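Hi everyone, thanks for making time this morning. I have one structure to walk you through, so let's put it on the screen.

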Amino acid sequence: MLKTTLIVIVISLVAGATIRVWAFASFVFLVILALGVILLAKGASFTGAIASCFQLLVVMEICYMAVLFGFSLLRRIYKRRKKSSIADSVQVTGKPPRG
């Protein structure tokens, strides 16, 4: 189960950096459904399989949201730095200077 959890965490971190929320939701549904079927095929009880799937779902969502928040924060910091640079603060009016 530890290997599965680590794989799920890595997948969620990569997905948080690359895909949209609706795509991630679809992806998570398919992954959790497949994992539940595999657990049931291995002989786990139905309630045990549901509990394991729910735990992994929570882990995937937390990892996805953490990466999404981190990239959003980095993007905001980058935009703020770019906006406050010296070259951008000079306005060009198109009129020649007086003098």
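Reading along the sequence, you go through the pattern α-α-α-α. Please keep in mind that this is a predicted model. In total the protein has 4 helices and 0 strands. How much of the protein is buried? Of its 99 residues, 18% are buried.

Let's turn to the pocket. The largest pocket has a volume of about 170 Å³. Which residues line the largest pocket? On the list are Gly16, Ala17, Thr18, Ile19, Arg20 and Val21, and then Tyr64, Leu68, Phe71 and Arg75. Two helices, α1 (2-18) and α3, each give at least two residues to that lining. The largest share comes from α3, with 4 residues. As for chemistry, the lining splits into 6 nonpolar, 2 polar and 2 charged residues.

Next, hold on to Phe71, one of the residues lining the largest pocket. Phe71 also belongs to a nonpolar patch on the surface, along with Phe69, Leu73, Leu74 and Ile77. Together, the residues of this patch have about 500 Å² of accessible area.

Let me pick out Phe69 from that group. Phe69 is found in helix α3, which covers residues 46-83. Is Phe69 buried or exposed? Its relative accessible area is 57%, and the cut-off for exposed is over 50%, so Phe69 counts as exposed.

Let's stay on this helix for two other residues. Gly48 lies in helix α3, and Leu57 is found in helix α3 as well. Where do these two fall on the accessibility scale? Gly48 has a relative accessible area of 27%, so Gly48 is called partly exposed. Leu57 is also partly exposed, because its relative accessible area is 28%. Both calls rest on the range for partly exposed, which lies between buried, under 20%, and exposed, over 50%.

Each of these two residues also has a partner elsewhere in the sequence that I'd like you to find on the screen. For Gly48, look for Gly36: the two are 12 residues apart in sequence, and their C-alpha atoms are 9.5 Å apart in space. For Leu57, look for Ile32: this pair is 25 residues apart along the chain, with 6.9 Å separating the C-alpha atoms.

To recap, we have the largest pocket, whose lining takes its largest share from α3, and a nonpolar surface patch that includes Phe69 and Phe71. Thanks for listening, and I'm happy to rotate the view for anyone who wants another look.

Conventions
Residues numbered from 1 in each chain as written. Predicted model: local features only at pLDDT ≥ 70, side-chain atom pairs only at ≥ 80, totals over all residues. Heavy atoms only, no water. Patch = residues over 30% accessible without salt bridge, like charges linked within 9 Å, V, L, I, M, F, W, Y side chains within 5 Å. Areas by Shrake-Rupley, 256 points an atom, 1.4 Å probe, with all protein chains shown as cover. Salt bridge = Lys/Arg side-chain N within 4 Å of Asp/Glu carboxyl O. Buried < 20%, exposed > 50% of the residue type's maximum accessible area, 1.4 Å probe, protein only. 1 Å grid on protein atoms, 1.4 Å probe; cavity = no way out; pocket = protein on both sides within 12 Å on 5 of 7 lines; lining within 4 Å. Points joined across faces, edges and corners; volume = space filled by probe spheres on them. Nonpolar A, V, L, I, M, F, W, Y, C, P; charged D, E, K, R; others polar.
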